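Please open the model in a viewer and keep the sequence panel at hand. The stops below are given in the order in which they may be selected.

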Amino acid sequence: MRNRPWGREELILALDTYLALERRTPSPNLPEAQDLSRTLRQIPPFLGENRNENYRSIASVVMKLMNFRSLDQTYPGVGLTASGKADKDVWREFAADRERLRQTASAIRETIEQTNMASIIIEPVIQEAPEGYLLTRTHIARERNRHLVKEKKASVLAARGRLACEVCSFDFEDAYGPRGNGFIECHHMKPLHTLRSGDITRINELALVCANCHRMIHAKHPWLAMDELRNLIRQNEK
């Protein structure tokens, strides 16, 4: 069984570790590299997958850190030159924003410490978020929390008397009659890099959206904010 390619969340953790080394040469003897290897080795069991004995070994971790060194324009020497497209994408998106990188890496580490999430499936219409597969699954889990969804719908019904999409105003009951009564989806608006294990999701962090708008939010990388999707609709109505 071959090890799967490095995931975005693994690359984010590796980049966070690389930048924390502050020009120290990656080495199997560094505690930071050893800690990274231990963390990454928890991911397959967390996802309900089998893990090879050599999965994200200390040697493979050091090689990945050296790949990032080859992308580091502030480093006067060279690293390994085998960095791939995924390495470059993560470097481009996170290396210049150390605070977002730190928060995202912290959220990923905390997510790995949660209970097994193998039962959460990402549908094909949902594009993995920039923060990686694990936080994408955490996001989906919060959107599908039945208690929260029920509470959000009840709150909106009490305040507005109807369940309409907060992006395009589509109302399932207006369109389909009694069959559409109470039908609408929830979208979790809190940025993924701010998600923390044990945080309580509040109903004001959820938005009610129709299935089409929800799919459009998650359809491509990067995901759209609610206002960005509203603007797209307005532009195409002209």
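Begin with the largest pocket of this predicted model, which holds about 330 Å³ of space. Its lining comprises 17 residues, and those closest to its centre are M189, K190, P191, L192 and W223. Select next β1 (185-188) and α11 (226-237), the elements that give two or more residues to this lining. Coloured by class, the lining of the largest pocket shows nine nonpolar, four polar and four charged residues.

Move then to the second largest pocket, where the space amounts to about 270 Å³. Which of its 13 lining residues are the closest to its centre? They are E143, R144, E185, C186 and H214. Two or more residues of this lining come from each of α7, α8 (146-160), β1 and α10 (211-218). Among the elements, α10 gives the most, with three residues. By class, the lining of the second largest pocket has five nonpolar, two polar and six charged residues.

Zoom out to the whole chain. The protein contains 11 helices and two strands, and from the N terminus on its elements follow the order α-α-α-α-α-α-α-α-α-β-β-α-α. The C-alpha trace spans about 65 × 40 × 30 Å along the principal axes. Of the 238 residues, 45% are buried. Among contacts with a separation of 6 or more, 65% are between residues 24 or more positions apart.

Select helix α6 (residues 98-112) together with helix α7 (residues 133-143). Two packed helices are described by the angle between their axes and the distance between the axes. Here the axes come within 9 Å and cross at roughly 70 degrees. The two helices, α6 and α7, are therefore roughly perpendicular to each other, the range for that term being 65 to 115 degrees. To see the contact itself, display T104, A107, I108, T111 and I112 in α6, which meet L134, L135 and T138 in α7. The residues of this contact divide into five nonpolar, three polar and no charged.

Keep α6 in view and add H193, which is found in the loop between β1 and β2 (206-209). Is H193 buried or exposed? H193 has a relative accessible area of 17% and is therefore buried, the limit being under 20%. Leaving aside neighbours within four places in sequence, H193 is in contact with R100, Q103, T104, A107 and E131. T104 and A107 also belong to the residues of α6 that meet α7. For a distance check, select A105: H193 and A105 are 88 residues apart in sequence, and their C-alpha atoms are 7.8 Å apart in space.

Proceed to helix α5 (residues 85-94). Its buried residues are D87, D89, V90, W91 and F94. What covers them includes α1 (8-21), α4 and α6. From this group, hold D87 and select K64, which lies in helix α4 (residues 58-71). K64 counts as buried because its relative accessibility is 10%. Residues up to four places away in sequence aside, K64 touches W6, L11, A14 and D87.

Turn now to S37, in helix α2 (residues 31-40). S37 counts as buried because its relative accessibility is 7%. Which residues is S37 in contact with, leaving aside its neighbours within four places in sequence? The contacts are R56, S57, I58 and V61.

Follow that list to R56, placed in the loop between α3 (43-46) and α4. R56 counts as buried because its relative accessibility is 4%. Its backbone also merits inspection. Most residues other than glycine have a negative phi, and most peptide bonds are trans. The phi of R56 is near 45 degrees, a positive value in a residue other than glycine.

Finish at R23, in the loop between α1 and α2. R23 is not a glycine, yet its phi is positive, at about 80 degrees.

Methods: Residues are numbered from 1 along each chain as its sequence is written. This is a predicted model: local features need pLDDT of at least 70, side-chain atom pairs count only at pLDDT 80 or more; totals for chains, interfaces and linings use all residues. Side-chain values use heavy atoms; hydrogens and water are left out. Axes are lines fitted to C-alpha atoms, for helices over the stretch in contact, and angles run from 0 to 180 degrees between N-to-C directions. Helices (H or I, at least four residues) and strands (E, at least two) are DSSP runs, numbered from the N terminus. Angles under 35 degrees count as roughly parallel, over 145 as roughly antiparallel, 65 to 115 as roughly perpendicular and the rest as oblique. Contact means heavy atoms within 4.5 Å. Ala, Val, Leu, Ile, Met, Phe, Trp, Tyr, Cys and Pro count as nonpolar, Asp, Glu, Lys and Arg as charged, and the others, Gly among them, as polar. On a 1 Å grid over the protein atoms alone, a cavity is a set of points where a 1.4 Å probe fits but cannot get out, and a pocket is an open set with protein on both sides within 12 Å along at least five of seven lines; lining residues have an atom within 4 Å of a point. Grid points are joined across faces, edges and corners, and a volume is the space filled by probe spheres set on the points. Buried means under 20% relative accessible area, exposed over 50%, partly exposed in between (1.4 Å probe, protein chains only).
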